[in-house]
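Below is a short report on one structure, written for a reader who has not met it before. The sequence and the model come first, and the text follows.

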Amino acid sequence: MSTTTPRRRRNREPGYWIPSALQTAVLWGMALLFIVPLAWFFLSSFKPAGELFRYPLTMFPENWSVAGYETAWSRYDFALYFRNTAVVAIVTTVLTVIVSAMTGFAFAKYKNRWLKVFFICILATTMLPTEVIMPSTFIVIRDLGLYNQLAGVIVPSIITATGIFMFRQYYRSVPDELLEAARIDGASEMRIFWSMMLPLAKPIAFTLAIFSFHWRWNDFIWPLLVLNNPNLYTLQVALRSIVGAENIDWSVLLSASVISIIPMGFVFILFQKYILNADLNSGLKG
Amino acid sequence: MSTHVEGRKRRGNRIPQLAPLSFTVITMVLFVLFFVMPGGLGIYYAFTDYRGVGDADWIGLENFVELFQDKDFYSALIRTLTYTVIVVPLGYAVSLLSAWLLTSPRTKGAGAARVIFFLPWLVSPIVAGVIWRWLFGESFGLVNYLLSLIGVAPVSWQSDANLSLSVVVVAGIWGGMAFSMLLFSAALKNIPQSYYEAASIDGASTAQQFWKITLPLLRPTSFMVILLSTIGAMKEFALIQALNGGGPGTQNYLMVQYIYSTGFERAQIGYASAASVILMLLLLVIAGIQMRFDKGAEYE
């Protein structure tokens with residue numbers, strides 16, 4: 001061994017350091033391309049309106065200013081949009097987690113012909129996003145009396161194939177004996193689920209909750225179609241109305257956009273480990 | 001259920017019938033309400049002149065005949081396919097490359113880079129559209145400014161349809177990469193290091209190792225990424241809404257925006273449903289083709 005080690009190190013040098021430097025350079029080149037748009041957008045939001053379009057452009061604001069933020073906050077009712085978005089995102093997320101857990105549990109732990117068929121139906125929904133059939137989905141939502149109500153955005157987005165998969169995969173790894181033991185003790189199926197199976201799947205529930213919150217916070221098309229009353233607008237719809245104007249007020253738009261990202265920023269900082277290490281493969285592959 | 005103790009047997013037989021139903025009944029109701037009904041209604045409306053109010057009169061294939069003569073429909077369809085064909089392979093390559101670099105032990109500073117690559121995930125499609133619109137503004141954007149520094153005349157990123165679409169492609173890759181990258185990173189970490197060690201002892205180069213070991217083992221993940229990003233590209237809407245509104249004019253309307261504008265701005269639910277049915281069929285065909293490819297992989 002002692003004779004081979006130096007040889008291997010010598011061999012490794014030209015073959016190791018060059019690709020290593022190259023790889024690091026490529027990686028950081030890409031990272032730079034990824035962060036520049038975000039940085040430019042973020043820094044621009046702190047420029048006073050007069051500086052936004054003044055040549056030569058500078059990366060950093062000459063005079064830092066929060067005027068754009070003040071105008072955005074006072075001209076639009078952001079507190080309201082935040083509240084609407086938060087209600088939609090939080091309520092939907094709670095319902096999504098519970099419903100996905102129950103359904104995933106049923107798919108994993110009961111054997112039935114109709115369950116198998118239904119499972120395939122749920123799988124198929126990934127292939128057929130509702131945006132594709134939005135005219136008729138809209139009619140259904142309207143005829144259920146959910147038009148112009150936050151519930152009209154919440155109820156249709158509760159079931160997600162991804163969430164159901166994640167729980168199904170997880171519960172398949174839970175031994176049947178655990179279930180049998182609880183049954184012998186006389187616990188009802190519902191009780192077994194609520195007091196044993198749901199707490200057991202906490203990590204999955206957590207991961208799905210983060211993802212669901214993210215999907216719903218950033219949702220655009222359904223709030224756009226269902227919420228016609230400006231008092232019910234979510235952040236994304238409100239932003240769209242600013243960017244869709246004839247003359248875009250960039251100072252306000254940039255600040256408003258930054259404001260809308262803040263909650264997701266907190267979620268990321270708090271749950272970074274969960275998000276970046278989520279093993280999505282097991283959840284998504286079914 | 002065969003392991004049940006005798007005293008519980010009757011109950012044990014009954015429970016598995018009712019319990020799964022009680023666990024899935026909510027999902028079933030929602031599935032019927034928001035997938036089966038819209039799907040069925042959509043197909044029905046496609047053969048009617050329904051306008052959202054009043055009666056839906058059966059008009060047979062009229063909508064489809066009209067659709068196939070509609071220049072705007074063809075334009076939206078071709079634009080959507082063009083966008084998908086460009087953005088899916090590019091997005092695949094970029095996310096695989098970044099995941100590979102991030103998981104390679106030879107790369108330095110991977111931890112920080114991973115966070116940077118992930119940041120666009122936080123940004124909604126609407127805000128992503130705002131960010132790229134700001135960057136590619138014709139008279140005020142950073143890109144044209146930087147080009148002017150090296151003597152290039154302002155590029156018409158907004159008023160030229162193809163350039164405008166290419167900005168959408170870049171923004172789409174930027175915004176959609178994080179998720180695919182996560183999928184690839186997780187899969188790459190699951191490949192045993194011993195495979196690579198064995199290959200280097202046999203003298204395989206890094207490139208050979210990538211093509212012969214990494215890529216084949218990533219096949220299931222690749223399938224997932226391509227399928228999800230294809231569906232995502234085919235229904236792209238919010239990003240374009242904020243980036244250029246489908247402009248210049250209506251030249252960059254993709255299918256979902258076409259359906260939105262005919263169905264909601266012009267209230268032609270029947271006609272828009274016909275376009276929906278076409279898009280639905282298209283997605284089914286694409287999913288079918290990809291499933292076939294994946295089947296081949298499974299039995300290898």
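A:Ser195 and A:Pro199 are exposed on one side of helix α10 of chain A in this predicted model. The buried residues of α10(A), which runs over residues 189–200, are A:Glu189, A:Ile192, A:Phe193 and A:Met197. These four cover an arc of only 95° around the axis, which puts them on the same side of α10(A). A:Ser195 and A:Pro199 are on the other side. An α-helix has 3.6 residues a turn, so residues three or four places apart point the same way.

**Domains**

The domain assignment splits chain A into domain 1, residues 4–68, and domain 2, residues 73–285. In chain B, the assignment gives a domain 1 of residues 6–45 and a domain 2 of residues 64–298. The table lists the bounds and the distance between the C-alpha centres of the two domains for each chain.

| Chain | Domain 1 | Domain 2 | Distance between C-alpha centres |
|---|---|---|---|
| Chain A | residues 4–68 | residues 73–285 | 34 Å |
| Chain B | residues 6–45 | residues 64–298 | 36 Å |

How many residues do the two domains of chain A bring to their contact? Domain 1 of chain A brings seven residues and domain 2 of chain A brings six residues. On the side of domain 1 of chain A that touches domain 2 of chain A, α1 (4–44) and α2 (49–52) each supply at least two residues. The largest share of that side, three residues, comes from α1(A). By class, this side of domain 1 of chain A has four nonpolar residues, three polar residues and no charged residues.

**Chain B**

Chain B has 13 helices and zero strands. The radius of gyration of chain B is 25 Å, while the globule rule gives 19 Å for 300 residues; the value for chain B is well over that, so chain B is more spread out than a compact globule. Along its principal axes, the C-alpha trace of chain B spans about 80 × 70 × 30 Å. Of the 300 residues of chain B, 41% count as buried. Among contacts in chain B between residues at least 6 apart in sequence, 69% join residues at least 24 apart.

**Contact between the chains**

Chain B gives 81 residues to its contact with chain A, and chain A gives 77 residues. Which helix gives the most to the side of chain B that touches chain A? That helix is α1 of chain B, residues 9–45, with 21 residues. The residues on this side of chain B divide into 57 nonpolar, 19 polar and five charged.

**Nonpolar cores**

The largest nonpolar core has 120 residues, and those with the most contacts inside it are B:Ile131 and B:Met255. Helix α7 of chain B, residues 161–189, gives the most to this core, with 14 residues. Leaving out residues up to four places away in sequence, B:Met255 touches B:Ala76, B:Leu77, B:Thr80, B:Met234 and B:Leu279. Another core, of 27 residues, lies apart from the largest one; among its residues are A:Ala106, A:Met166, A:Tyr170 and A:Ala201.

**Backbone details**

Most residues other than glycine have a negative phi, and most peptide bonds are trans. Three places in the loops are described here against that background.

The peptide bond from A:Tyr55 to A:Pro56 is cis, with omega near -5°. A:Pro56 lies in the loop between α2 and α3 (67–75) of chain A.

Phi of A:Asn148 is near 60°, a positive value in a residue other than glycine. A:Asn148 has its place in the loop between α6 (134–143) and α7 (151–154) of chain A. Is A:Asn148 buried or partly exposed? A:Asn148 has 14 other C-beta atoms within 10 Å, and a residue is buried only at 20 or more and exposed at 12 or fewer, so A:Asn148 is partly exposed.

B:Ala267 also has a positive phi, about 55°, although B:Ala267 is not a glycine. The loop that holds B:Ala267 runs between α12 (255–265) and α13 (269–298) of chain B. With 14 C-beta neighbours inside 10 Å, B:Ala267 counts as partly exposed.

Conventions
Residues are numbered from 1 along each chain as its sequence is written. Chains are lettered from A and ligands numbered from 1 in the order in which they are written. This is a predicted model: local features need pLDDT of at least 70, side-chain atom pairs count only at pLDDT 80 or more; totals for chains, interfaces and linings use all residues. Domain bounds come from an automatic or database domain assignment. Ala, Val, Leu, Ile, Met, Phe, Trp, Tyr, Cys and Pro count as nonpolar, Asp, Glu, Lys and Arg as charged, and the others, Gly among them, as polar. The radius of gyration is taken over C-alpha atoms; the globule rule is 2.2 Å times the number of residues to the power 0.38. The arc is that of the directions from the helix axis to the C-beta atoms. A nonpolar core is a set of buried Ala, Val, Leu, Ile, Met, Phe, Trp, Tyr and Cys residues joined through C-beta atoms within 7 Å.
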